[in-house]
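Welcome! Take a moment to turn the structure around on your screen before reading on.

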Amino acid sequence: MDVTTLIDAVARIKSEADELTHQEIIDRLSGPLAEFTTSTENQGFAEAYSPSGNYTRLLLNDPQEPYQIVLVFWGPGRGSPIHDHDDTIGAVSALTGEAKEIKYIVTRCEGEHVKLTQGSEFTIAPGRVTPILPEDDKQLHLMINEKRRWAATVHVYLTAIHRYRQYEPAPDGSFRTAETSLWFDECGVGRRMTRSARS
């Protein structure tokens with residue numbers, strides 16, 4: 001599946017989302033995302049891309065669209081802080097390499113501080129999809145590339161995320177929430193993927 005077909009599939013699911021349950025949305029996102037992330041052409045694009053620094057985030061679709069399809073590159077040993085997804089519904093899979101996902105659950109709120117409990121762990125690999133849902137045990141996670149080579153993951157957010165919260169550890173064992181803007185190193189990269197697949 002090429003990036004244009006994935007974008008079309010996500011746009012169609014977005015247009016139908018009000019009539020679907022959360023699980024039906026995840027089921028419909030998972031098939032196209034798994035097909036996209038197991039495509040050797042798409043994997044070849046990720047392998048040939050030269051990310052900068054230790055972490056690079058690319059928006060594959062047009063930034064004006066109401067959803068986001070994001071390609072993230074993780075350097076060896078690099079990971080994210082614990083963060084939420086602003087109540088969007090989505091799904092994540094790996095395009096190259098693999099990443100470990102750890103989910104977290106908020107067990108107590110004290111102003112800007114929260115107590116978290118670690119939940120499930122999941123290895124994200126090509127074709128393996130993990131959901132992002134508004135429910136308390138499926139909204140917060142961290143991701144880390146524990147391998148010695150770069151990994152690339154694809155994140156589909158059915159409602160575009162502009163701001164989200166990171167959870168920073170405090171000395172007393174709680175976490176302080178910090179609102180953060182979602183940024184991209186490049187936008188509309190899917191156009192380059194399409195040209196690359198044709199050449």
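Here is a short tour, from the whole chain down to a few charged side chains.

## The whole chain

Keep in mind that this is a predicted model. The protein chain contains 11 strands and 4 helices. Its C-alpha atoms fill a box of roughly 55 × 45 × 25 Å along the principal axes. The radius of gyration is 16 Å, which agrees with the value near 16 Å that a compact globule of 199 residues would have.

## Inside and outside

Of the 199 residues, 48% are buried. Among contacts with a separation of 6 or more, 75% join residues 24 or more positions apart. On the outside, the chain exposes about 9,600 Å², and carbon and sulfur atoms supply 47% of that area.

## Charges and salt bridges

The chain carries 29 negative and 21 positive side chains, with the centres of the two sets 6 Å apart. The whole structure holds 14 salt bridges.

Look for Glu179, whose side chain meets that of Arg163 in a salt bridge (2.6 Å, N to O). This pair links strand 11 (residues 175-181), home of Glu179, with strand 10 (residues 163-169), home of Arg163. Glu179 also meets Arg165 in a salt bridge, at 3.7 Å from N to O. Arg165 lies in strand 10 and Glu179 in strand 11, so this pair ties together parts that are 14 residues apart in sequence. Arg163 is partly exposed at 36% relative accessibility, and Arg165 is partly exposed at 22%. These three residues belong to a network of salt bridges that includes Asp84 and Asp86.

How values were computed
Residues are numbered from 1 along each chain as its sequence is written. This is a predicted model: local features need pLDDT of at least 70, side-chain atom pairs count only at pLDDT 80 or more; totals for chains, interfaces and linings use all residues. Side-chain values use heavy atoms; hydrogens and water are left out. Helices (H or I, at least four residues) and strands (E, at least two) are DSSP runs, numbered from the N terminus. The radius of gyration is taken over C-alpha atoms; the globule rule is 2.2 Å times the number of residues to the power 0.38. Buried means under 20% relative accessible area, exposed over 50%, partly exposed in between (1.4 Å probe, protein chains only). Contact means heavy atoms within 4.5 Å. Accessible areas come from the Shrake-Rupley method with a 1.4 Å probe; for residues, only the protein chains shown count as cover. Lys and Arg count as positive and Asp and Glu as negative; His and the chain ends are not counted. The place of a charge is taken as NZ of Lys, CZ of Arg, CG of Asp or CD of Glu. A salt bridge is a side-chain nitrogen of Lys or Arg within 4 Å of a carboxyl oxygen of Asp or Glu.
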